[in-house]
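Subject: Structure handover, with notes on what was found

Dear colleague,

Here is the structure I promised to pass on to you, followed by my notes on what was found in it. Please have the sequence open beside the notes as you read.

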Amino acid sequence: MTSDQATAAPARTRTPWQTARTRACWQTALALTVLAAAAWPARRHWPVLETGALRLAVADHGWLLAGAAAAVGTWLCAALALQGAVPRRLPPVRLVAAQFAASAANHVLPAGLGAGAVNLRFLMRCGLPAGGSATAIAVKATAGGVARGALIAVLAALCPGVLRVPHARGGAVALAGAAVCGVVAAVVLLWPRCRRALAAVAADIRAVHARPERAAALWGGSLAFAVLHALVLTAVARAVDLPLGPARVALLYLAASSAAALLPTPGGLGSLDAVLALALTATGAPAATAASAVLGYRLLTTWLPLVPGLIVLGVLVRRRSL
C-alpha cells in the first residue's frame with residue numbers, strides 16, 4: 001500500500017436503502033409542492049366553487065353526466081393527438097394517464113406550461129430525445145390551433161352575426177397596437193433563433209403526413225379535443241336551461257377560449273370565465289344562467305379532476321414514468 005493510499009479517506013458508498021429514501025424524500029417534497037400550488041387557486045376561487053355547486057345541484061343531472069363523459073373523452077383525444085405527433089408507439093395506458101396528469105398540471109402553471117412540461121418529460125421517459133420531444137409537442141400544439149380555427153370558421157358561417165368586433169375606445173386601440181408592435185419586434189429579433197426550431201417543426205409535420213395513420217391520429221385527436229370541450233359547455237348549458245342553441249354555445253366557447261389563451265393564467269382561470277360569461281350574456285343569455293353554465297363547465301373540466309389528476313401525477317413521478 002502506498003502512502004497516498006494509506007492517507008486517503010475511505011470513500012463512502014450509499015446503500016440502496018439510502019438511495020431509495022433520498023428519492024422518496026424528493027418525490028414527497030415535489031408532491032407537496034404541487035398540492036400546495038393547487039390549493040392556492042382553489043382557496044382563492046372557493047366562493048366560485050361553492051356558488052357553482054349550489055346552482056348545479058338543481059340542474060338536469062342527465063346532461064351533467066353527458067358533460068362529464070365529454071370531459072373524460074378530452075383526455076383520450078389528447079392522448080390520440082400526441083400519439084400522432086410521435087413516430088414511435090407509446091404505451092397507451094401511461095399515455096392516457098399522462099394526459100390526465102397534464103390537464104391537472106396545466107391548471108397550476110400558466111400558459112400551458114404544466115401540460116407541456118408533463119408531456120415533455122413523459123416523451124423523454126419513453127426514449128425520445130429532448131429535441132424530438134419538444135418538436136412533437138409543438139406539432140401537437142400547431143394542429144390543435146389549426147383545428148380550433150377551422151371549427152370557429154365553420155361555426156361562424158353557420159351562426160352569422162354571433163361574432164362581432166367590439167367597439168373599442170382610443171386607449172384600447174392604442175394599447176392593442178402597442179402589443180402588436182411588441183410582438184412583431186420580438187419576432188424580428190428572435191427570428192434567427194426561431195428559424196431552426198420552426199424548420200424542425202415543419203419537417204416533423206411533413207413526416208407525420210407521410211404516414212396516413214399518424215396524420216389521422218394527430219388531426220382527428222386535435223379536432224375531437226376541441227369539439228368535446230365545446231360539448232362539455234353545451235351539455236351544461238342544456239342542464240341549466242341556457243336559452244342558446246348548441247352551435248352558438250360552441251362557437252362562443254371556442255372564440256372565448258382562444259381569446260383567453262392570450263392571458264397567461266393557469267388553465268385560463270379568471271380570464272376564460274370572465275370572457276365566456278360576458279360572451280354568453282351579450283348574446284342574449286341571462287347573466288345568472290350564463291354564470292351557472294360557466295361554473296358547471298369549470299367544475300367538470302377543472303375542479304373535480306384536479307385532485308385525482310395530481311394524484312396520478314404523483315404516481316407517475318414515483319414510478320419514474322415522468
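A residue is called buried here when its relative accessible area is under 20%, and by that cut-off S133, T135, A136, V139, A143, A147, R148, L151, I152 and L155 of helix α7 are buried. Please keep in mind throughout that this is a predicted model.

On confidence, the mean pLDDT of the protein is 79, and 68% of its residues reach 70 or more. Among the elements, helix α1 (residues 3-7) has the lowest mean pLDDT, at 47, whereas α4 has the highest, at 95. Over residues 3-11 the pLDDT is below 50, and this stretch makes one contact in the model beyond its near neighbours in sequence. Where pLDDT is low, the predicted coordinates should not be read in detail.

Turning to the interior, the largest nonpolar core holds 72 residues, and the members that touch the most others are F122, L242, L276, L280 and L313. Two or more residues are given to this core by each of α4, α5 (92-106), α6 (113-125), α7 (130-158), α9 (212-239), α10 (246-260), α11 and α12 (287-318), and α12 gives the most, with twelve residues. As a general matter, nonpolar side chains tend to be buried together in soluble globular proteins.

Three of these helices can be compared with their expected spans. Helix α7 has 29 residues and reaches 42 Å from its first C-alpha to its last, close to the 42 Å expected at 1.5 Å a residue. The 15 residues of α10 should span 21 Å at that rise, and because its end C-alpha atoms are 21 Å apart, the model agrees with the expectation. Helix α5 also has 15 residues, and its reach of 21 Å is close to the 21 Å expected.

Helix α5 is mostly covered, since eleven of its 15 residues are buried. They are L95, A97, A98, Q99, F100, A101, A102, S103, A104, A105 and N106, and these buried residues pack against α4, α6 and α12. In α10, the buried residues are V249, A250, L251, L252, Y253, L254, A256, S257 and A260, and their packing partners are α7, α9, α11 and α12.

Two polar residues may interest you for their surroundings. N119 lies in helix α6 and has a relative accessibility of 5%, so it counts as buried. Its side chain is joined to that of Q99 by a polar contact of 2.8 Å, and, leaving aside neighbours within four places in sequence, N119 is in contact with L82, Q99, A102 and I137. Q99 is itself one of the buried residues of α5.

The other is Q83, which is found in helix α4 (residues 61-85) and, at 14% relative accessibility, is buried because that value falls under the 20% cut-off. The side chain of Q83 reaches the backbone oxygen of R88 at 3.0 Å. Not counting residues up to four places away in sequence, Q83 touches R88, R89, L90 and L95, and L95 appears among the buried residues of α5.

Two residues of helix α11 (residues 271-282) also deserve a note. S271 is found in this helix and is buried, with a relative accessible area of 7%; S271 and A261 are ten residues apart in sequence and 8.2 Å apart in space, C-alpha to C-alpha. L272 is placed in α11 as well and is buried, with a relative accessible area of 8%. L272 and S258 are 14 residues apart in sequence, while their C-alpha atoms are 8.8 Å apart in space. Leaving aside neighbours within four places in sequence, L272 is in contact with A256, S257, A260, Y297 and R298, and of these A256, S257 and A260 are buried residues of α10.

Lastly, a word on the cysteines: how many disulfides does a search of the whole structure find? The search finds zero. C77 is buried, with a relative accessible area of 11%, and C159 is buried with a relative accessible area of 11%.

With best regards

Key: Residues are numbered from 1 along each chain as its sequence is written. This is a predicted model: local features need pLDDT of at least 70, side-chain atom pairs count only at pLDDT 80 or more; totals for chains, interfaces and linings use all residues. Side-chain values use heavy atoms; hydrogens and water are left out. Helices (H or I, at least four residues) and strands (E, at least two) are DSSP runs, numbered from the N terminus. Buried means under 20% relative accessible area, exposed over 50%, partly exposed in between (1.4 Å probe, protein chains only). A polar contact is a pair of N or O atoms within 3.5 Å; within protein, one must be able to donate a hydrogen and the other to accept it, and residues adjacent in sequence count only if both atoms are side-chain atoms. Contact means heavy atoms within 4.5 Å. A disulfide is a pair of cysteine sulfur atoms within 2.5 Å. pLDDT is the predictor's confidence in each residue, from 0 to 100. A nonpolar core is a set of buried Ala, Val, Leu, Ile, Met, Phe, Trp, Tyr and Cys residues joined through side-chain atoms within 4.5 Å. The expected span of a helix is 1.5 Å times one less than its number of residues.
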